[in-house]
Amino acid sequence: MNATKEKPTMAIDMDYSPTRRPQADVGDLTGQVVSHFLDHVAARRTQLGDAISGEITTATRMCAEIGRGIVDGCDVSDKLDWLSTAAAGWAREGLPIDTIVRAFHEALRLSLDAVYAAGTTYDRDTLTNGLRAALAVSNLMSTTMISAYLDEYRLVVGEHHTAIRTVTSALLAGRATTTMARESGVHVAENYRVIGIAIPRSTHDRPPDDEALSARRRLHRIRAALAHHGDPALAMLSVDGGTVLIPGEDPDDAELDALIESLSTAARVDVVAAVIPARTGAIPDAVQRAHELLDIVVRLGYTARLYRFEDLALEYQLTRPGPGLAELGELLAPLDAHPELSETLRVHIANDLNRQRTARHLHLHTNTVVYRLRRIANLTGLDATHTTGLWRLKSAVVARAFHPSRTA
């Protein structure tokens, strides 16, 4: 154990003497428990390998000896110290605590079977005292094991979390090395899908303190969803979003779309994301590109989902600096005096020219959307119902989002 803790009471002073038979030999009892447990429980945990049998055998023997010592009023300090140290070791080795606790409770059950003969009648006081003794033994050993296990587990998780953050930061900065990965125990892949993520704030009006708490909870749920993802995800996230690295080189993997959907479900808001594949050494450039794509999606109000570069190639090119960008934006200058028309055009393009969705988004009748599109065509000379006009209008909307009008 890495922390000093007050030792639990080592013996129980019982003011009763339950009628009991001589207890079975500890070795025989341990053999029965381990055989039963491996046959009925641990067989389903094949991933633990052969180590589980040795751990359970040792722990069961010690628990049986501690239980006998407590009932007999003996000092079991050394054995409880061993149990506490062992539980910390199980946490560090990744052995599930429920496996050990089940073995302990099975040992307790078989001990009671050994103490009280089947088919024998006992008076109420004897049974009551026996139950109290069993509960006292169970409470002392369970709390000793679980407390030590959880203390060490928190340390292990904290160390692992720190190692992951260190390696993730190094990857994002282009400074990750094989030495760093080996020392931290965090595997570094040759290729990653670099995903930029934007987490929108809640649409509900809340006081600032409530919104801050809600944002932290959203982030916690998103991290939990990432932890359950099939591939090990490295993430650097804040309440507004950030970057996630998923091992692999296929940006079209459908599991990535499912991942973003699961993050939206967990966050209870529509998460927006953009993915760029990259070799490990090129991650910093991929991060910048992914977040440039993400910025385009957010500024233009596109539907929340995962975007690939090909989805936004036109928009990306239109946002690059140059004299043409400003000129494109000026195509919408006639709408500057009509903000409701500018908003209708932006929303209509973001909704893939679907008039019904545009109407629902703006809380308008579909006929009103049609009327506004006609007014836009009259003012700009560009008709959104024709291919050429639509192409120029969409380009102008993108340009205007990244280059404010000269008169604004």
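Which residues does Leu 393 touch, not counting residues up to four places away in sequence? That's the warm-up for Exercise 1, but first some ground rules. This is a predicted model, so local features need pLDDT of at least 70 and side-chain atom pairs count only at pLDDT 80 or more, while totals for chains, interfaces and linings use all residues. Residues are numbered from 1 along each chain as its sequence is written, and side-chain values use heavy atoms, with hydrogens and water left out.

**Exercise 1. Work out the surroundings of Leu 393.**

Step 1: place the residue. Leu 393 sits in helix H15; helices here are DSSP runs of H or I with at least four residues, strands are E runs of at least two, and both are numbered from the N terminus.

Step 2: list the partners, where contact means heavy atoms within 4.5 Å. Leu 393 touches Leu 332, Leu 345, Ile 349, Ile 376, Thr 380, Leu 382, Asp 383 and Ala 384.

Step 3: check the burial. Leu 393 has 0% relative accessibility, so it counts as buried (buried is under 20% relative accessible area, exposed is over 50%, partly exposed is in between, with a 1.4 Å probe and protein chains only).

Step 4: take one partner and look at the backbone. Ile 376 is 17 residues away from Leu 393 along the chain, and their C-alpha atoms are separated by 9.7 Å.

**Exercise 2. Describe how H12 packs against H15.**

Step 1: get the geometry. H12 (residues 339–350) and H15 (residues 387–402) cross at about 105 degrees, and their axes are 10 Å apart. Axes are lines fitted to C-alpha atoms, for helices over the stretch in contact, and angles run from 0 to 180 degrees between N-to-C directions.

Step 2: name the arrangement. The two helices, H12 and H15, are therefore roughly perpendicular (65 to 115 degrees; under 35 is roughly parallel, over 145 roughly antiparallel, and the rest oblique).

Step 3: find who meets whom. H12 brings Leu 345, Arg 346 and Ile 349, while H15 brings Leu 393, Lys 394 and Val 397.

Step 4: sort them by class. You get four nonpolar, no polar and two charged residues in the contact of H12 with H15. For the classes, Ala, Val, Leu, Ile, Met, Phe, Trp, Tyr, Cys and Pro are nonpolar, Asp, Glu, Lys and Arg are charged, and the others, Gly among them, are polar.

**Exercise 3. Do the same for H5 and H9, then check their lengths.**

Step 1: H5 (residues 124–173) and H9 pack at about 80 degrees, with axes 6 Å apart. That makes H5 and H9 roughly perpendicular to each other.

Step 2: the contact uses Leu 171, Leu 172 and Ala 173 from H5, and Ile 283, Pro 284 and Val 287 from H9. The class count for H5 with H9 is six nonpolar, no polar and no charged residues.

Step 3: compare spans, with the expected value being 1.5 Å times one less than the number of residues. H5 has 50 residues and reaches 71 Å from first C-alpha to last, close to the expected 74 Å. The 18 residues of H9 (residues 283–300) should span 26 Å, and the end C-alpha atoms are 26 Å apart, which agrees.

Step 4: see what follows each helix. Gly 174, just after H5, takes a positive phi of about 75 degrees. Gly 301, just after H9, has a positive phi of about 70 degrees.

Step 5: pick out the buried residues of H9. They are Ile 283, Ala 286, Val 287, Ala 290, Leu 293, Leu 294, Ile 296, Val 297 and Leu 300. For the spacing, keep in mind that an α-helix has 3.6 residues a turn, so residues three or four places apart point the same way.

**Exercise 4. Which residues other than glycine have a positive phi in the loop between H12 and H13? Find Asp 352 and Leu 353.**

Step 1: Asp 352 has phi near 55 degrees and lies in the loop between H12 and H13 (355–362). Its relative accessibility is 61%, so Asp 352 counts as exposed.

Step 2: Leu 353 has phi near 65 degrees and is found in that loop between H12 and H13 too. With a relative accessible area of 32%, Leu 353 is partly exposed.

**Exercise 5. Is Tyr 302 buried or exposed, and what does it touch?**

Step 1: Tyr 302 is in the loop between H9 and strand S5 (306–307). At 13% relative accessibility, Tyr 302 is buried.

Step 2: the partners of Tyr 302, leaving out residues up to four places away in sequence, are Val 297, Tyr 307, Leu 312, Glu 315, Ile 349, Ala 350 and Lys 394.
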